[in-house]
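Here are a few notes to help you find your way around. Have the view open while you read, and go through the points in order.

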There are 2 protein chains.
Amino acid sequence: MSFSITEENYIKAIFHLQQEDGNVSTNELAAELHTKAASVTDMLKKLKAKKLLSYEKYKGVRLSADGKKLALGIVRKHRLWEYFLVDTLQFGWDEVHEVAEELEHITSKKLVEKLDAFLGHPKFDPHGDPIPDSHGKMAVQQHINLIDLPINKMAEVSGVGSQSTELLELLKHKHIGIGTKLEIKKKFSFDHSIEIKIKNQNAFTISQQLAQALFVKIV
Amino acid sequence: MSFSITEENYIKAIFHLQQEDGNVSTNELAAELHTKAASVTDMLKKLKAKKLLSYEKYKGVRLSADGKKLALGIVRKHRLWEYFLVDTLQFGWDEVHEVAEELEHITSKKLVEKLDAFLGHPKFDPHGDPIPDSHGKMAVQQHINLIDLPINKMAEVSGVGSQSTELLELLKHKHIGIGTKLEIKKKFSFDHSIEIKIKNQNAFTISQQLAQALFVKIV
DNA sequence: AATTATTTTTAGATTTGTCTAAAATTAATT
DNA sequence: AATTAATTTTAGACAAATCTAAAAATAATT
């Protein structure tokens, strides 16, 4: 059985949303996919008929085993292509997401396996997210949210919570990227902003929103 | 202005067909695209409205300057990806066409230019076809049809006339590929078959159809 | 030149994915 | 508990790309 690009995008969006949520609502999906709730309802019926998910009226949606498998395949392709773009073609890590959104729908299985081998079976993509292997297994990276990092504990930025160009632009401006080593110097309860210090730089504060979008691992 | 994958495939098909023909007929296009004449007519109206081609009822079709530019861009991507698949990912030259049919529709201009640079600005793809540069210019390879090769003149296979899997399967079986050195020993007027001899091999005959599908350059 | 055959176009229907507006259901609040 | 608000679904319509069947135009043949 084969799936359209649209169907694949629905499955991928549900996969990402259900990481946190468990069950995913129609409105959440509509927002994620920049479409309307009515369109989502229509598509969910179709995907249910294809046994990619379980869905009951008004009860939200959850991927089936087949759906998860499909989603992991798409995520695998997306992250391998991101790795390729950065590692092989010298793209900036903040400019590969949109291109990978297209490349992830190329169907050839052989291409994926050859690309994976050529890249040396990488475990993490340039944003710090784990790449599922050909069986759908992925390494678990103990990402902590920066907001939860204890004060004065050195950590390394290992992932970002979103791929939005707005976020990536801000990070570029502040010279924060994957691998950046930093520690928290102060937490301000008034607006939940935090003061961070990057090695060899002066300390500066970042907003709660930004801190929540950054994941780190303690080093 | 951007174009759907379907529109791009029409433009590409017209480009290839008009190389020989000049004006391309509705039925030719329908055959090439495995669709029906009625569908072609509908699409030609749309592409005319987008100024990619000139088209008058019952008179056939011809690409405009814009249409040619678009076609060359698609051909460029197709052939660069084929080169990548063979050269970088170690695909066989006979198994890359279908994958490149998908990859050629990836839109990022930056990707194309970075890929081109990474590959070292190749001039010909693995089938011996020239790769247009970023301005749409391509090297002219003096491909001669094998049928026109003089007897006992050593030549090197430089291209194939079609990408059909049937042809590629036959070539694989006969151990003929790009770069194969051969000469014609006899031509049989009865069925226009020819006897060829590949270096270090016994001579054997090939059909007119096969000979017409092979292009060589005299060495 | 008239007739037959082929090619091409039109007309109307279908599928996929989307939309708006209205109805139905569930959640929140008074 | 009753009402309001928010969410979700249904109903009907639309655009893209396709199809079949019939009509129109062009080409081929007698």
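1. Let's start with DNA strand C. The residues of the surface near it divide into 6 nonpolar, 9 polar and 5 charged. Keep in mind throughout that this is a predicted model.

2. Who sits around strand C? Of the 20 residues there, the nearest are A:Ser4, A:Ala38, B:Ser25, B:Asn27 and B:Ala38. As for elements, chain A gives two or more residues from each of helix H1 (5-21) and H3, while chain B does so from helix H2 (26-32) and H3. H3(A) gives the most to this surface, with 5 residues.

3. Now over to DNA strand D. It has 19 residues around it, and A:Ser25, A:Asn27, A:Ala38, B:Ser4 and B:Ala38 come nearest. Here helix H2 (26-32) and helix H3 (37-49) of chain A give two or more residues each, as do helix H1 (5-21) and helix H3 (37-49) of chain B.

4. Which element has the largest share of the surface near strand D? That would be H3(B), with 5 residues. By type, the residues near strand D come out as 6 nonpolar, 8 polar and 5 charged.

5. Last, the place where the two chains meet. On chain A, 14 residues are in contact with 14 residues of chain B. Look at helix H5 (97-103) and helix H6 (109-119) of chain A: each supplies at least two residues of the side that touches chain B. H6(A) has the largest share of that side, 4 residues. The residues on this side of chain A divide into 8 nonpolar, 4 polar and 2 charged.

Technical notes. Residues numbered from 1 in each chain as written. Chains lettered and ligands numbered in written order. Predicted model: local features only at pLDDT ≥ 70, side-chain atom pairs only at ≥ 80, totals over all residues. Contact = placed C-beta atoms within 7 Å. Nonpolar A, V, L, I, M, F, W, Y, C, P; charged D, E, K, R; others polar. Near = placed C-beta within 6 Å.
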